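Colleague: Before we talk about this model, could you put the sequence and the structure up, so that we can go through the packing together?

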Amino acid sequence: MQIAQLPTSSGISAKGAGTARVVDEASGASNASTGARAGSAAAKSTPAPLQRGLSNWDHQLQGEISNAQQTLDYLDRSSSQLQALKSELAAKLAARQGRDGQVEARVRQFSNTWRQRSNASGGTLDAQLGYSSPQAAQQNFTIRGLTLTSLQDGPPEVLAFSVGGANQALRSVNIEPGLSDDQIVARFSQALLPSNIRVKRGDNGELMFSTPESSWASVRDSLSVRGNGIRFPTGQMSRVKTDAEPAAIAPEEWNTGDVEALRTTLQQVVQALAHLQQARSSVSLALSQASSRVADAQPVQGPVRMESLAQNFSDKASKPGYESLLAISSALVGISRDRVIALLGLS
C-alpha cells in the first residue's frame, strides 16, 4: 500500500514518508518496547465517538415537547371559545340585545372542540384534563361488584378475567380474607397488566382501573369475569358492568332553554374555564421541564471540545515520528469521494 508524499509543513521529510513497507521495516527493526509504546499511542490516539445532536438520540424528548405545544394550543383554543360563550351567556342573562341563536352556536362550537380533545392533544390529554406524555391518556373506570370492602369480606375465591374475547388468555386473581388494600391492588395489577389494564386505589378508597383511551371501547365491551359463585357466577364467563370516570367538562349537558338553565350553564362554563386553566398550568410545567432537559442534553462545551481536538491533531501532525503518521492516517479513515462531494454540497 502506497502512502502519499506528505507536505513538508507536516514535519515529515519526503524520505521518511516513503511507503508503508519502509515504515514496516523501520518498525520491525525496533525492539519490543518500541512496539508496546506504539500500541499504547494508538490506544491513546483513538478518537472518542462524536456526540450527536438531540435529534439523533432522544426522539422521545422531542415528542414530549411537541405534544406539550400541541396540547397548549388546544387548551388555548378551548379557553377562547369558552370565554366567548361566557360573554354571550352573561349578555343574554342581563337582557341585553344579542343575536338569536348565538349562545346555542357557541355551545355547539365548543362541544365539537371537546370531542376532538384526544386527537387535538396527540392522545395525551384525558377526559379529566390530566396530561401525560409520553404515556397515552388513560380512561379510568370501576367494575361493579369489585370494591375493596367486598373483596376483603367473605370466603376465598379465584376470579378469572378475560379481555378481548373468548380466545384471549385468562388472568386469575386469588382473593382471600384479610388482604390489605395494597395487597389487593398488587394482585389485580399483576394479573391485568398483560391486558394493558392498570389498577390503583382511588381517591375515595375505591378499586380504580385504567386503560389507554384508545383501548377503552374494546375493554368496556369485552371485559368478562368468572368466579366461584361467591362474587361472580361460576362455570362461565360473565360480562362485567363498568362505569367510566365522568369527564371534567360535559357540554352535552349544557342547556339554554330558559333563564334558570342559562344561569346553570354559565356556572358550568366558569368551572370549565378553571379546569382548562389548571390543565394549562400543568402542561406548561411539563413543557418547561422538557425544555430544561433539552438544554442539559446539549454538549455545553461543544465548540471548546472541537477546538481542543483540532489543536491536539495539529500538535501531533507537526512532529516527526509514528504518532504523526498515526494521527494523519486515522483522520483519513472512512473518507471517500462520495463523502467529500456530499460535504462540499453543504457549503
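## Helix packing, sheet and cores

Modeller: The crossing of α4 and α5 is left-handed, and I should say at once that this is a predicted model.

Colleague: How are α4 and α5 directed relative to each other, roughly parallel or roughly antiparallel?

Modeller: The axes of the two helices α4 and α5 come within 9 Å and cross at roughly 160 degrees. Angles over 145 degrees count as roughly antiparallel. The helices α4 and α5 are therefore, relative to each other, roughly antiparallel.

Colleague: Which helix gives the most residues to the largest nonpolar core?

Modeller: The largest nonpolar core has 30 residues, and Leu75, Leu82, Leu85, Leu129, Ile249 and Trp254 have the most contacts inside it. At least two residues of this core come from each of α4 (59-93), α5 (102-115) and α10 (259-297). With eleven residues, the helix that gives the most to this core is α10.

Colleague: Leaving aside neighbours within four places in sequence, which residues are in contact with Leu129?

Modeller: Leu129 is one of the residues with the most contacts inside the largest nonpolar core. Once its neighbours within four places in sequence are left aside, the residues in contact with Leu129 are Leu75, Trp114, Ala248, Ile249, His275, Leu276 and Ala279.

Colleague: How many residues does the other core have, the one that lies apart from it?

Modeller: Ile143, Leu146, Leu207 and Phe209 are among the residues of this other core. Leu207 also appears in the strand pairing, as the bridge partner of Arg201 in β5. The number of residues in this other core is 26.

Colleague: Turning to the open sheet, which strands are at its edges?

Modeller: The sheet has four strands in the order β4-β5-β1-β8, with antiparallel pairing. Strand β5 (residues 207-212) is joined by four bridges to β4 (residues 198-201), and four bridges also join β5 to β1 (residues 138-143). The strands that pair on one side only, and so form the edges by definition, are β4 and β8 (242-244).

Colleague: Which residue of β5 is the bridge partner of Asn140?

Modeller: On the side of β4, Lys200 stands opposite Met208 in β5. On the side of β1, which runs antiparallel to β5, the bridge partner of Asn140 is Ser210.

Colleague: Which residue takes a positive phi in the hairpin of β4 and β5?

Modeller: This hairpin has five residues between the strands. The phi in question is near 85 degrees, and the residue that takes it is Gly205.

Colleague: What angle does the direction of α9 make with that of β5?

Modeller: Six of the six residues of β5 are buried, and helix α8 (residues 181-192) lies across β4 and β5, running at about 170 degrees to β4. Helix α9 (residues 213-222) packs on the sheet as well, where it touches β1, β5 and β8. The angle between the direction of α9 and that of β5 is about 115 degrees.

Technical notes:
Residues are numbered from 1 along each chain as its sequence is written. This is a predicted model: local features need pLDDT of at least 70, side-chain atom pairs count only at pLDDT 80 or more; totals for chains, interfaces and linings use all residues. Side-chain values use heavy atoms; hydrogens and water are left out. Two strands pair if DSSP finds at least two bridges between them. Buried means under 20% relative accessible area, exposed over 50%, partly exposed in between (1.4 Å probe, protein chains only). A nonpolar core is a set of buried Ala, Val, Leu, Ile, Met, Phe, Trp, Tyr and Cys residues joined through side-chain atoms within 4.5 Å. Contact means heavy atoms within 4.5 Å. Axes are lines fitted to C-alpha atoms, for helices over the stretch in contact, and angles run from 0 to 180 degrees between N-to-C directions. Angles under 35 degrees count as roughly parallel, over 145 as roughly antiparallel, 65 to 115 as roughly perpendicular and the rest as oblique. A crossing is left-handed if the near helix is turned anticlockwise from the far one by less than a right angle, and right-handed if clockwise.
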